[in-house]
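Me: I have not worked with this structure before. Could you take me through it?

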Amino acid sequence: MKLNAIIVEDEAASRDILRNYLKKYCPNVNVIGEAENIEEGLVLIRNHDLDVVFLDVEMPYGNAFDLLDKVGDVAFETIFVTAYNHYAIDALNAHASYYLMKPISIDELIKAVDYVTEIKTKEQALQDQVLVPKTTQINGKVTIPQQDGFEIINTADILFCKADDNYTEIHLVTNKKKVVSKTLKHFEDTLSNDSFVRVHKSYLVNVNEVVKYVKGKGGSVVLSNGKEILVSASKKSNLLSYFK
């Protein structure tokens, strides 16, 4: 998996070495920013969704632990990169994933990245299990994955779902839209017990929100918000079966 990373290191030469090593030997690491002090590092952390931070310990106007204290709830893995081995215990207490000594050993760097990749892969697998949208006829709810967790919405609040390549737009009765990194087929299967029907290769509609059907080869449906959606000829009979 790809890892979004930043480098927080006050020495330009050390940043160059680490960046070049990562590019050559750890191609799954995407370095999206660099900082030379803790304030710049804090800005990058707060403005990016990060998987790992390569963090020097001693920097001007503070150190790595000051930065982590300011971040608070850390959602990324930390790889300390330092010339000093006496910070190892502090790094351990700060839940560091790895402790690299300068000069950086390429083998140790690869091990560190592999270790973080394994952690993140397991986290993602667990997250996918938890965040798979689930609905039943009992609770009528669906979970929508987000960067910081998931949102729970009532299936009754969904007007329709629209395919957007490997993403799905979920349009709500409140006129809000959620974009989810799941295919429309996934939601067709998930919402099959909650009065949702596929009317077109690109649309899944809540039949409870259909206020009008317009005749035609396939015809079209008008939803409660006035949205008109074409119905494929092959999907017409399945749709009309809900209104017999």
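Reply: The following turns cover the sheet, the helices packed on it and the cysteines. Please note that this is a predicted model.

Me: Let us begin with the sheet. In what order do its strands lie, and how do they pair?
Reply: The open sheet consists of five strands, ordered β2-β1-β3-β6-β7, and their pairing is parallel.

Me: Which strands sit at the edges?
Reply: Those are β2, residues 29-35, and β7, residues 98-101; each of them pairs on one side only.

Me: And by how many degrees are neighbouring strands turned against each other?
Reply: On average by 20 degrees, with direction ignored.

Me: How many bridges join β1 to β3?
Reply: Four bridges link β1 (residues 3-8) with β3 (residues 52-56), and the two strands run parallel. Within this pair, Ile-7 has Phe-54 of β3 as its bridge partner.

Me: Which strands does helix α1 touch?
Reply: Helix α1, residues 12-25, packs on the sheet and touches β1, β2, β3 and β6 (77-82). The direction of α1 makes about 170 degrees with that of β2.

Me: What about α2?
Reply: Helix α2, residues 38-47, also packs on the sheet, where it touches β1, β2 and β3. Its direction makes about 140 degrees with that of β2.

Me: Changing topic: how many disulfides are there?
Reply: A search of the whole structure finds zero.

Me: Is Cys-26 buried or exposed, and why?
Reply: Cys-26 counts as buried because its relative accessibility is 2%, and buried means under 20%.

Me: And Cys-161, buried or exposed?
Reply: Cys-161 is buried as well, since its relative accessible area is 0%.

Notes: Residues are numbered from 1 along each chain as its sequence is written. This is a predicted model: local features need pLDDT of at least 70, side-chain atom pairs count only at pLDDT 80 or more; totals for chains, interfaces and linings use all residues. Side-chain values use heavy atoms; hydrogens and water are left out. A disulfide is a pair of cysteine sulfur atoms within 2.5 Å. Buried means under 20% relative accessible area, exposed over 50%, partly exposed in between (1.4 Å probe, protein chains only). Two strands pair if DSSP finds at least two bridges between them. Axes are lines fitted to C-alpha atoms, for helices over the stretch in contact, and angles run from 0 to 180 degrees between N-to-C directions. Contact means heavy atoms within 4.5 Å.
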